[in-house]
Each structure stands twice: as C-alpha cells, then as structure tokens.
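Biologist: I'd like to learn how to read a model like this one. Could you walk me through it, starting with the contacts between chains?

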Protein chains: 4
Amino acid sequence: MPKERKLRYAMVGGGNGAFIGAVHRKAMALDDQFEWVAGALSSTPERARVSGADLGLADARNHGCWQDLLNDELRRSPEERIDLVSIVTPNDLHYPVALAFVEAGFHVVCDKPLVHTSAQADALVAAVQRSGTVFGVSYNYTGYPMVREARELVRSGALGQVCKITVQYHQGWLSKPVEANDRKALWRMDPARSGSTGAMGDIGSHAENLAATVTGMQPAWLCADLASFGAGRQLDDDAQLLLRYANGARGVIMASQVAAGLENDLRLQVSGTLGTLEWHQENPNQLIHSPLDGPRRILTRGAPWLSAAALRAGRLPAGHPEAFIEAFANVYLGVAADIRARASGQTADPLAADYPQVADGARGVRFIEKVVESAASERKWTALD
Amino acid sequence: MPKERKLRYAMVGGGNGAFIGAVHRKAMALDDQFEWVAGALSSTPERARVSGADLGLADARNHGCWQDLLNDELRRSPEERIDLVSIVTPNDLHYPVALAFVEAGFHVVCDKPLVHTSAQADALVAAVQRSGTVFGVSYNYTGYPMVREARELVRSGALGQVCKITVQYHQGWLSKPVEANDRKALWRMDPARSGSTGAMGDIGSHAENLAATVTGMQPAWLCADLASFGAGRQLDDDAQLLLRYANGARGVIMASQVAAGLENDLRLQVSGTLGTLEWHQENPNQLIHSPLDGPRRILTRGAPWLSAAALRAGRLPAGHPEAFIEAFANVYLGVAADIRARASGQTADPLAADYPQVADGARGVRFIEKVVESAASERKWTALD
Amino acid sequence: MPKERKLRYAMVGGGNGAFIGAVHRKAMALDDQFEWVAGALSSTPERARVSGADLGLADARNHGCWQDLLNDELRRSPEERIDLVSIVTPNDLHYPVALAFVEAGFHVVCDKPLVHTSAQADALVAAVQRSGTVFGVSYNYTGYPMVREARELVRSGALGQVCKITVQYHQGWLSKPVEANDRKALWRMDPARSGSTGAMGDIGSHAENLAATVTGMQPAWLCADLASFGAGRQLDDDAQLLLRYANGARGVIMASQVAAGLENDLRLQVSGTLGTLEWHQENPNQLIHSPLDGPRRILTRGAPWLSAAALRAGRLPAGHPEAFIEAFANVYLGVAADIRARASGQTADPLAADYPQVADGARGVRFIEKVVESAASERKWTALD
Amino acid sequence: MPKERKLRYAMVGGGNGAFIGAVHRKAMALDDQFEWVAGALSSTPERARVSGADLGLADARNHGCWQDLLNDELRRSPEERIDLVSIVTPNDLHYPVALAFVEAGFHVVCDKPLVHTSAQADALVAAVQRSGTVFGVSYNYTGYPMVREARELVRSGALGQVCKITVQYHQGWLSKPVEANDRKALWRMDPARSGSTGAMGDIGSHAENLAATVTGMQPAWLCADLASFGAGRQLDDDAQLLLRYANGARGVIMASQVAAGLENDLRLQVSGTLGTLEWHQENPNQLIHSPLDGPRRILTRGAPWLSAAALRAGRLPAGHPEAFIEAFANVYLGVAADIRARASGQTADPLAADYPQVADGARGVRFIEKVVESAASERKWTALD
C-alpha cells in the first residue's frame, strides 16, 4: 500500500508562550499524518509573525491575522492549500474563526469550550452540516485509550445499568493570585475572552464531556454552585454540580482550580448495577474495574483483552506508558481518518473516526449555560433542554 | 506506677451474627483497659441469652433485655457494677437505652447515628449534662491516627483557610437485593429501626463527622439529593450533597451503597489556601499532603514528625500497619481516659480524652434531619441550625 | 455451644520498653482465646517485677526469672497452671527457655529466629516430638490473610510451576548510629545475644519464611553477601542472597536495615509459568495477581472469592482493613486451635491449626547458618543439604 | 531568533513490523528537530524497500542495504546529506553499521546493547574519538525526567553516601513459547543475532545503565546467575546479579522475561545514608524520595522545585503526564544539541547534551561480558575493571 500524503494544516493561535498550541503541534507530529504549512499564531500581528518565524513557518504562509490566512489559503491551489485548521486561540475567537473556515469549506479542529453561547453553537453546527466538513473538538481526555475502554465496557453492558457518575477535576494553580504577565491565566479569568465561566468552562467542560462520552448518557437536570475564591475574580474558580438523569441515575461534577497543591487531578468514577470503573488522568495507563461478583481488575493499556477501540488508540506494547500527547494525538487521528474517508467518498470506519465532534462541543456549551443559569437560581433543579 | 484497674462494661446489642458488636469488643480488648462483665445482647430475650452464653458471659449477668441489665447493675456494689455500657443495637434503640443508662449515672458509648430525631438528641445532650457522665459516639473513622493528623494539620494552619471539602463514602453491598435472612441489612433498610434515612444515616453520618472533625467547620447550608435504586426500598441507598460554609467554603458529600464492586471506600479531600490533604480509609496508614509550594508528602502513621495527637493514637512503629480495630479502640481509649479523669476529679487531658462526644452525635442527627428536609424541598439551599 | 475456657499463658521477656512483647499480648487479647496469668518479663529480676506489676500481673505470678516461673507453674494445680508460654526475649534465651518449658510439657510460642545454631534447633525439634507439645514460632507475616491467599493460589496451581521468587525486606532504622540507651537495638547488634547475624536473622528470617511458606519450596543452594555499613558494627545490617531451587527456580532475598527512610517495607513477588503474585506488607489487605492470560487482579481481604484459608484469617468485612496485630493474632489462633484439638485427643483441622511450627523455625536457623557459611566462602554456591 | 534547520537522518533497520524503529521515528518527530530523509529498513533488500515505500521515503533514498545507503549519502551534497543515522537493527548489525558510519563521519544513534564484544566496543569508542562524531546510545529509560531528577538528587548529596542499589526489570512475554513468526522475539533468542545473552542483554542492559546513570557509580565485582526456563532456549530468559562497589556499596540487578503477567516492570531503588529513592517505569511521572529525617515525598514531573536537568526534560505542565516516547525523545534532543554545538564549534551545554554516549554503551558491553563470565564461574566474585 503506498503511503497516503500528509494532511496540510494551519494553526490559528498558539504563538510563543502559549501552552496548548505546542501540544496540538506535537500531537499532530507524532503519527506522521499531518504537515504544518501555515498559521496566524496570535491576535497581535507582530507577535503572530515573530512566533511563526521562530517556529519555522515559511514567510508567505506566516500571517498576522486569521483573516489573511483564510484569504491566502482560498487563493492557493489544491496542491498547496491546507486541509484543516487547528484553532487554539482564547475562547472568544473560536466562534468567528471556526465559522469562517467552515463556511469556506475547510476542516476544523477547535479547542473547548467550543463557543460562548448555545446560539453560536447552533449556528456552527448548522454551518458544519451545510458545508459537510469535518469538525473535531479537542476534548483530549476522551482520547486516552483507557477512557475509550471505559466507554466500551459501559456500551458492552459490563457495568449493567449506570446509576452513579462522579467526575472530579481538581487543580491548584489558581490558589495563588495570578501574575500580571501570566497571559494564559489572564484570558481565562476575563469574561470577555473566556466566556461566562472560569473553572467550569476551562476544566468542568472536560468533566462534562468525560461523563457523557463514557456513559453515553446526558443529564436531564442539574444543580450548580459556582464559587470564586480569588480576590477580585469575576469568574468562578470552583464549581460543584449535582446531576440527575432521566433514568434516575445520579451524578456529581466537581471542578476546582483552588485545590492548592494539586496538579491536573481529573478522576472519573462510574457505577452501574454490575460494577464500578475508576480512572485517574495522572496515571492514565490503567483503568480499575470492580465487578460486583469478582476481584477488582486493573486493566492496562495495550493488553490484548481490551476492546478494539482501546487497542487502536495505543501505539506501544503494554507496560510502555503513553500519556497526554498521545491522547491528544488520538483526537487528531480520528479527524484525519474522517477527512480521508470523505475525500474518498466513503463513510469513515467509526473505530477509526473516533473523535469528539461539533455536536459534542455544542452540547458542552449548552451544559455550561445551564450551569450558569442554575448557579443564579434559587431552585434546586434546572432542566437541560 | 501501679496499674489502674480495668473499667467494667456491659454491652447492649451485639449478639451472635452481629457485625459491629464484635468489633466493639475486640476494640475494648486490645488495650487492656476494659473488662466485659455483663450484657443484653439482643432484643429477643432467648437470642440474647444464647449469645451471652456463647460469648462467655456469666449467667448472672447475661440478661434477656436491657431493662433487666440496668436494674441488675443498679443493685450491684461499686466493686462489681459496670462503669460503662456500650450500645450497639439497631438505631431505634439508641435513644431509650442511652437515656436510661445516662440517667442512671452510667457512662455510655453509643453507635451512630446517635438517635432518630434532633428532639431526642437534645434531650440526650441535656441528660448527659445533668448526669455529668461520659458519653462517646462510635464515629470510629475519626479514631484513625492519620485522620487526627489531618485535623491537627488544619488546626495548625498548614492548610491555610479551608475552602473545599470532599468526602466520598462508597460501598457496593446494596447493589444486590437484600436476602431475606440478612438481619444486619434488613434493619438498616427499615425506617422504623434505621430512622429517616438509609445510606445517609448509615455511612453519610460518618462522612459528616469526618468533614466536621478534620476541618472544625460546620456547613451553614446544604443541598441534598437522595435516591433509592433498589427495587422496593423505602430508604435512600445513595446520597449526594452540596455544602456551603459561612466563610464561603464549599463542600460535597457523597454516600452510596450501590457503587457495585466497591467495599468500604471512604475518602476525604480537604483543600485550603496553602495545600490539600487526602486520606483513604482502605489504606489508612498514610495521609497525602500536597502543599502549595513544595513536593507532595506521604505522611505515615508512627513517623516521629507527626503531631502528638496522631502519635498518641498509634501503638506500633511506623511501617507496621494498624487498621480498623485500632481506630475503633482509639475511641474507647479516649472514653476511658475521660472516665478515669472524672473518677479522680480532674479534667481530662484533651490529648488523652480525644473522642466524639454526645454533642457530635447530636450535630450529626440534626444534619441528617436537614438532609431529609432538603431532599424533599425544591429550594436549592436549606439552612442548618 | 458453650464457650471454651480461655487458655492461660505466661510471658518470658516483654517487660517495660520492649516492643514485641506488647504486640504478642495485644494479639492474644484480640480474639478472646487467651488469658494472661504469669510472667518473668526481663532477665533482670528487679526490672522483671516492676514490669509485671505495671502490667497488672498478680504478685504471686510475677517472677524475677524464668526458672522461678517454670518452677512455680509446675507446682500449681491444673486449674491454675498455664497452658502455654510465650517467649519474647532476645534471641540468646530462646533455646534454654523453650527447651525447659517443652521438656516440662508446656506449649510454647517462641519468637524468631528460633535459636542460635542448627544443633540447638535439632535438639528442640526432638524435644517437642518427645513431649508432644504444641510449638509455634512467631513468623507473624505469614499470618496475614493475603499471604495465606498467596500460598493457596500457589498450592492450587494458579501460578503454574513457580520459577522466580523475590523477597525484599528493607528498613531504614539502622541508617543512624544506635543510641547507647536503645536496648532493643543494642541486643540485636550484639553477637552474644542476637546470634551470628544481624539484619539477616532479624528480618531476613522473615523473608526466608515468607518465601518458603508461600511457595512450599526450599532452596537447594544459596549465595550470600552480608555487609555492615554502620561504623563499628559486628553484625550485618544488609544482606543480599541469590537462591537456586532443585527444580531450577531462582530467587533473590534482600534484607537491609540501612535503607534510610524506609519503614518496614517487606515485599514478596512470586512468578510461575501462569502468573505473578505481589504483596506489600505496608498495604497488607491486597494481593496483586497478574495472570498470564487476563487482566491483573487486586485480591482484597474478606472478599468472598478468596480461599477458605484466607477468609478464615480475617475478622472484618472486606474494605475494613486489618493489619499487623491481626496477622500476629492469627499465629496465636492457630496455636490455640492445635492446643484445644490435642486436649480433646483429636488431630487439629489444618485450616484452623495454621501456624509456623518448630520445624519451620529449625529450617530458618539452618538457612541462616548457611548464609553465614556462604558469606564467608569464595565459592558461589553453598548447598542447603 | 530564526529557527535552526532540522537535522536530516537516515534509519537502518526498523521496517514494517519492527517495534523499536517506529518508536525512534515518533521520538524524533515529537520535538521538530529532525527530518527523516533516507533509510535501509531491513537486512532483506525487498523487505527494506517495501517498508520504506510504505513509510513514505523517496525512492532515491530508500535502499535495500545499509552499504548502499552509506555510499549514496557520501555522494550527496551537504545540503542533502544526512546528519545522523539511527541504527535500530538486531544487535549483530550494530557493530558493522555503526563503525562504517562513524568512520565516514556521520553522527550515530545506536540501540543497546551496543555491540557483541568489548573488543568491538573498544574499537568503536576509538573510531568515535578519531572521527569526532556524536554517538548516542538509546538507553531510553534514563531519558525520563524523573530518572534525571534521581540522578541529580544523588549528585547533590541529598542521599548522602549511596550504599544500596536495586534494579528489578521484570517482563512476562517469554513465559509462553515463542511463535515461529514472531520475528522480534526470534532474533532476541538467537545467539548469532542477539549476542551472548538474552534477557540480560535485552533488558538487563537497561538495568545496568539505569543504576550507573543515577548513582554515577560502577560496580567493582559482580556475581551472576543466568537461567533459561523456556524449553530449548539457548539464551537466558532470567538473570539475577549481586553487585559490590569499591566503596563498599551493595547492589542487586534482576532481569527476567518469564515473570508471567508482568508487562514492562522496571523499578529502581537507591538508598544512601540520608534517604532512599524509588522509581517505577510504569508510572514514570513520579519519583518517591524517602528522606531519613522527614516525610516521604512524591516528586512529580514538571514541579518547579525539580532540578534544571529534570525540568528541561519535560514538555508539559505538572499533572499532564509524559511517558515512554517523550523519554526516548529526550535522548534524541541531547544528541541534537550536541550535533548543533559541534557544528557551531562550541562545547555543548551539558544540561542540553544530556544523553548516553558511546562510552556508556561500551561499559554496558563489558558488563554483560563479565556477567557471562561470572555465570560460568564457580567463584563468587568476578572483577569488573
């Protein structure tokens, strides 16, 4: 089989000093599927161009703003033009950039939370449907092989009927006042850029996606409490939510950035009538499965008895750990498979095109809106749609 | 120093087949402070007497009901008479038995939840104050040395201002239908015997006490959601609560007995402005302390740098694990120290008389009442006190 | 069934300040099978009597030396006389005390290492055979339920043919110079009292017993390296051994008391053709089983799928941890079952009379002798007859 | 600062179905320092060319044998010519390929064990010295940030004088008979291709390098026992070694591929007079440090209090795990830094050029030779020197 050509991509955002842009680029480099050819790496033109030069972008494709990037790509021949754009800006730019590229017919991967409002989300979903493009959302934690194994165990019925879901996502980096030069903290705490929530949107959105992906279930009601511990903060740095599902299942989501001393402590626990699963992001190569009627099991990435979905998401033999970047890369592998399938006029193999889509991102936006509504309400339960 | 005489005790409840009565007896046997001399081991007279005989009680002090036990003790000389009674019956008998023995001037240790209603709790607190007796409540988990270390770290200011408290207490034993002959399950699920809650009272009460003991803080408002997953169950087998404290701190309590496959998975996490503590009951000899400004620390029972309160609660050198029975015994050691201090007309050393008292039990009863009130309410927040 | 009377015991050694004597007493108190009635708690008469008085021994049975204790017991009526003696002295007294009590017809529990020489061990084995008494050796770590589960898994064939055994027993308390008043350290480092080895005898003996008990296999050859890191120490504080078994299996034993910062870090790993077991003493309620053809399993104490031998060795439901004292108590429960069986003229149920016997102790003594011989030899392999 | 050009590399070995070649390529892709331009991917010309085509090599630089590759590169202009070759063949080809490329002036990264004999190793070291090229050996485990932190802690004196070193490297994949079509297993078990050892060379070589790198110490004597459990195997599948160091320190290395059910279980423990370190490859983002005089510490990758060497080896914030590929990439980053420094006529910053060099590989070869010599000897100690 001759090798397929690499997919060409542009990046919007992710200039010097940004954290997540570099992760996206490493993730795309890992599996030899993508080639980086263009970018507009900052909303400040000068900063954008310096970053692009430092990172080796050719001058002709190193742009000062995303509009220039888009226009330039539209002028290029199919042999040069990008296949997709990766949007890693602060949240406020997700909507205009994503919409413009989708409407221009480009495939997109966009960071979470997808957009600021469910109206924007609906518009974007509609645009994606119209354009027929691939649209992935970088909910990277559900790219971990053992999270996919958890999802497959639930799907297979190994847990019976799911009745209890707990996601805790605790960090401690906002326990201290934010430094005036910490750009990546500052925009997250600015409502104009981050949106209507802080910790809830930044990490609670991952918790929502993790719960929904693994269980395949959407809560019907929620009860939210948002708090802000840092002096002068306009947005929440702590969120705690009760969930109720239509089938009676219950859940709790906790997202805090003031759990001083914790790093990136995302944990999932799902119980059904037949057993319980537990996964910790900081030790991601194992999934603990406690069945009702037998010993607890430590499922490890790469073991031959895992599901096809989990095995496919790994690169190395068992015992050779994979981690954050590989999970991120799995999102992009799914996007690439979908792009290639569409290019060849086929429907992608769902095992291959396994990635969070625009509808997942839109659902996350609606969830956050309801969290904000609930937090402001004196009523216990706020319905989700 | 000549050895002090052993304290004589009677047990009410705890006959053949009971779980917790045997634990109380082993806990009292461990440290050579107590001597078991009398009992009324069941509410069924015949069963009581058979159990007492099996367990070696002398016939004259092996009673068919607690009233006979009490009357008999009141007739005995000070050289024979019990010092304390240990009440390990189903919850509905706690109140009448405890009240009667307190009013008769006996010291008491009583299981949790203390009584059914806050009115009973108040009456019992008042009776204890009148009688001047010692009254311990067997919140055994706060007897663990590393829980006491956690409390001391909070007291010392090592965590700064506490802002977030999470207690998860998950078991799986009610994931299956209860067998018709499982006496210890049946009474827990019968409102007449267990009280107004199931999992909340049985294990959520421990969670409440653990949070309150370690932080020294009481929530001001709570928001509760109780669920019952088992077919035909009258009481909750799952509880999830949001907490708000007067100083703005937030908290979550989860207590479930339908987390299939889990055993006795009680976990505590407390974050303050300067760090986070985490403790797991199933591996109780360590406490993880994540300070804001330095590496995570594994504090281990028996290490010389622990607080005096934690060191005092241990018996063995570090690395020689202690566990559930020793934690239980620590509650009794505190009670014994208080009894001996009062006998000698002194105020007990607080380090020695370190045990949950009747006021702690009463607070737990009020908490459960408010949980029930909140669970039935459509308002988000229900005030405590 | 009327309760059987408690077994009466005397203790030799274990006076004020001793560590292990108190553990033996707590272990015997735990299960209501034993009653402490007599003692000679130190080799210094005055210290012996003060200790006994402090601990509540009646004057008439509180002796200044073990010979007086023995003579006094022989004079007493069967209704008063002790059933067994617990010998918890420094090692040099094990032989004369044990031999005298055995020859007088008393049952014995003796600390490890049993005696100083294999000649003594053989003499003691012969004496026990002649007298027909019960003789237990307090290899307490093999009393842990999950160690028994490991043994049963090997016996059942779940591991296939055992091929590799590793025991690491690391402590750090001899990383510092020993204080002049640390009596329990000083005797361990004095060849006259401790015997021909230091760390090897003190903790290596546990490692040998653990490997032998779990696998049921004795090494045929060993290769030993003993080291002494503490300035001026006459005995080893570090031992490392290679083992070869007759069937070709290999093994490693490491015993160190200069692993600074470690506490009581005893770990066992056993591999066979079908899987591997791992157990850590500091977290003793779980046993990790990694089968060749399926997910790793965490076996937990008290779970219903454990072997009868492991279940019998537990007192509490799963998830309610048991620890060091309970494991110790299991040795005594086995001894008690054997004493009671013999008293009734029966052969004990092996499940009940599950404890390390004099032959196990004698094998341990020969093993240590061979370690010393090997350590002094330039030949690689020293045969274990 | 304009970005430096990527370094061009060729690969020898690593065709379709090989495990480690793909890892090398992913490692080199991760950090945007390398560009893959040429290869001879198998010793079978047809297989080589098919593999190269599948992986996207241009025809002109996709060779059927390494000699053709070398000749072709020598003909190319400096603008096209490779900077380095990555040798990922079975062991028997390391020597001729590496020697030829070094003598031709190319930089090299070569898999371990470096070569078959110490004579070859010496010749290769001499050739590298003559040519002045950079030569890295892919001891990838010492590329882990927390292994580097361990090394820095030892260097800083935090452990005091090192006295005890234990490395256990256990896998289970050779517990089963090797399939006739398992190419990567077959060559490892063939003396002609693998060399004089099996497990010892394959994974014991990593254990040796790990111990030496972290402690900076070389053993003076060793005592080896090699075993072969698989029927008909010519090489060891299990190795156990005692080590003695000139300063009196002791050590144990265990390397087994018949620890059924284990995956890639490499563990390091180093004790000095002031503390102990422990690291497990399967959970590589943490290093446990047990100091003599304070609580155990969990050092985590990315935390600001780590050494510069450890921080430099990470890419992501703490709590975002990195793993095997990143560790591998760190070896290549060190090689790249050294190549760039030499290209600019400078001495590389040791913090940047942190990678295992040809001398480390040569030392590993001598170590294996001595292991074989010791295993065949009846004398306990075989001198290294």
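Modeller: Sure. Let's begin with charged pairs: between chain C and chain B there are two salt bridges. Keep in mind that this is a predicted model, so treat every value here as computed from it.

Biologist: What counts as a salt bridge, and which side chains of chain C and chain B meet in one?

Modeller: The rule asks for a side-chain nitrogen of Lys or Arg within 4 Å of a carboxyl oxygen of Asp or Glu. One such pair is Lys26(C) with Asp31(B), at 2.8 Å from N to O.

Biologist: How many residues are in contact between chain C and chain B?

Modeller: Chain C puts 35 residues into the contact, and chain B also puts in 35. Together they bury about 2,700 Å², with carbon and sulfur atoms giving 60% of that area.

Biologist: And how are the copies, chain C and chain B, related by a turn and a shift?

Modeller: Turn chain C by 180°, with a shift of 0.0 Å along the axis, and it can be laid on chain B with an RMSD of 0.1 Å. The two copies are therefore related as by a two-fold rotation axis. Both copies use the same surface too: of the contact residues of chain C, 100% recur in chain B.

Biologist: Let's go to the other partner. How many residues does the contact take from chain D and from chain C?

Modeller: It takes 56 from chain D and 57 from chain C. The buried area for this pair is about 3,900 Å², and carbon and sulfur atoms account for 49% of it.

Biologist: How many salt bridges does the rule find across the interface of chain D and chain C?

Modeller: Twelve salt bridges turn up there. Among them is Arg244(D) with Asp225(C), whose closest N and O atoms are 2.5 Å apart.

Biologist: Now the fold inside a chain. Which residues of chain A does UniProt list for a domain?

Modeller: The record, an unreviewed entry, lists residues 7-138 of chain A as "domain: Gfo/Idh/MocA-like oxidoreductase N-terminal". That span is 42% helix and 18% strand, and its end C-alpha atoms lie 18 Å apart.

Biologist: How do I read a strand order, and in what order do the five strands of the sheet in chain A come?

Modeller: Walk across the sheet and call out each strand by its number along the chain. In chain A you get 2-1-3-4-5, an open sheet with parallel pairing.

Biologist: Why is one side of strand 2 and of strand 5 of chain A left without a neighbour in the sheet?

Modeller: Because strand 2 (34-40) and strand 5 (135-137) of chain A stand at the edges, each has a single partner strand. Neighbouring strands of this sheet are turned by 20° against each other on average, direction ignored.

Biologist: Can you zoom in on one pairing and then on what packs against the sheet?

Modeller: Strand 1 (residues 7-12) and strand 2 of chain A pair in parallel over six bridges, and Arg8(A) stands opposite Glu35(A) in strand 2. Helix 1 (residues 20-30) of chain A packs on the sheet, touching strand 1, strand 2 and strand 3 (84-87), and its direction makes about 175° with that of strand 1. Helix 3 (residues 66-75) of chain A lies across strand 1 and strand 2, at about 125° to strand 2.

Biologist: What strand order does the open sheet in chain D have?

Modeller: In chain D the five strands have the order 2-1-3-4-5, with parallel pairing. Strand 1 (residues 7-12) and strand 3 (residues 84-87) of chain D are joined by four bridges, with Val12(D) opposite Ile87(D).

Definitions and conventions
Residues numbered from 1 in each chain as written. Chains lettered and ligands numbered in written order. Predicted model: local features only at pLDDT ≥ 70, side-chain atom pairs only at ≥ 80, totals over all residues. Heavy atoms only, no water. UniProt positions renumbered as here; feature names shortened; annotations may be inferred. Helix = DSSP H or I, 4+ residues; strand = E, 2+ residues; numbered from the N terminus. Pairing = 2+ DSSP bridges. Axes fitted to C-alpha atoms, helices over the stretch in contact; angles between N-to-C directions. Contact = heavy atoms within 4.5 Å. Least-squares fit on C-alpha atoms with pLDDT ≥ 70 in both. Buried area = accessible area lost by both parts, 1.4 Å probe.
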